[in-house]
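User: Please take a close look at one single part of this model, and then place that part in the wider chain. I would like a connected account rather than a list, with the reasoning spelled out wherever a cut-off decides the matter.

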Amino acid sequence: MKVWLKDTEGKRHDLGASCVLGRMPDCSIQLSGSKVSRRHALVHSMGGVQHWVVDLGSTNGVLVNGHCIQQPQALRHGDEIRIGDNRLVFHAEGPQPEALDMPESLLKTARAEAELNELNYGIVVVGASERPQFITARAREWLVVYFPQARHDSLPDEILRWLKQRARTPAGACPPLIVAQANRRLLVRVTERGGGEVILTLTEESPASLKALGERLGLTERETEVLHWVVEGKSNSDTALILNISVRTVDKHLQNVFTKLGVENRGAALRVVMYALGR
């Protein structure tokens, strides 16, 4: 089903799975006006069947057909969305489903999506059926890039196998799945478990981000690489295999890292890195 928003100037804005509306240039639909928040609202769909508009905590609210919404509002063909002085009309082709309430789990993640995208994060909510119930735009983009053979309506087999292997591991203690591609890599982490759902957080790292971290901490390029794998929970022997160097060399680099950071062990080094990254 094709859906879009049309503004007062007649411009058509096609809608994907998630569309952020706001004043910032990186919003899917950029709106103008002093009454528009940086990231004002989100139009989200589940499976492309039902669409909701969600207020992302804006200052001046979101009006649908003249009424200020307090909860996610299911949209029907012809509904008018007003944000500040901006008026957008929702259009949908073909038969439309009966209006439903947005599931609470999707509401929780939908409201966070704008900030997650700004921080270069993606999230995926996986249901008991092992099928994705919610995928942010950033996460969907990365899944396509790193798993080009996977079907777009399901999780890649590699992620499903990893989830089964880590099913009994507490969310906070579960090491990330790392998928490398060229000079970049995708990290998939289990952020939360419960209620038959698993919430995954996706981040992408590149040599540029590692280099910036090393420079901020005063480390050499090799020391930064060693510290990076320590942060990911790898042992010295694992790190040696990944970097194709000896375990003794890893030990030496790690001791240099501890000295430069003013710490004595891995846990303290991890805290320094988290602080440097603003986490």
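Analyst: A helix here is a DSSP run of H or I with at least four residues, and helices are numbered from the N terminus. The model is predicted, and the part examined here is helix 6, which spans residues 236-243.

Within helix 6, the residues that count as buried are Asn236, Thr239, Ala240 and Leu243. Seen around the axis, these four cover an arc of only 100 degrees, and therefore they sit on the same side of helix 6. Just after helix 6 comes asparagine 244, and the phi of this residue is positive, with a value near 60 degrees.

Another helix offers a view of a single buried side chain and its contacts. Histidine 228 belongs to helix 5, which covers residues 221-231, and because its relative accessibility is 7%, under the 20% limit, histidine 228 counts as buried. When residues up to four places away in sequence are set aside, histidine 228 touches Arg185, Glu205 and Leu210.

A strand residue can be described in a similar way. Asparagine 86 is found in strand 11, residues 86-92, and its relative accessibility of 15% is under 20%, so asparagine 86 is classed as buried. Once neighbours within four places in sequence are left out, the contacts of asparagine 86 are Leu31, Ser32, Val36 and Ile81. With serine 32 there is also a polar approach, since a polar atom of the asparagine 86 side chain lies 2.8 Å from the backbone oxygen of serine 32.

The cysteines deserve a separate word. Cysteine 19 has a relative accessibility of 3% and so counts as buried, whereas cysteine 68, at 42%, counts as partly exposed because that value lies between 20% and 50%. A disulfide is a covalent bond between the sulfur atoms of two cysteines. With a cut-off of 2.5 Å between cysteine sulfur atoms, the count of disulfides in this model is zero.

As for the wider chain, it contains eight helices and 16 strands. Of its 279 residues, 46% count as buried, and the chain exposes about 15100 Å², of which carbon and sulfur atoms supply 49%. Among contacts with a separation of 6 or more, residues 24 or more positions apart account for 44%.

Note on methods. Residues numbered from 1 in each chain as written. Predicted model: local features only at pLDDT ≥ 70, side-chain atom pairs only at ≥ 80, totals over all residues. Heavy atoms only, no water. Buried < 20%, exposed > 50% of the residue type's maximum accessible area, 1.4 Å probe, protein only. Helix = DSSP H or I, 4+ residues; strand = E, 2+ residues; numbered from the N terminus. Arc of directions from axis to C-beta. Contact = heavy atoms within 4.5 Å. Areas by Shrake-Rupley, 256 points an atom, 1.4 Å probe, with all protein chains shown as cover. Polar contact = N/O pair within 3.5 Å; in protein donor to acceptor, adjacent residues only side chain to side chain.
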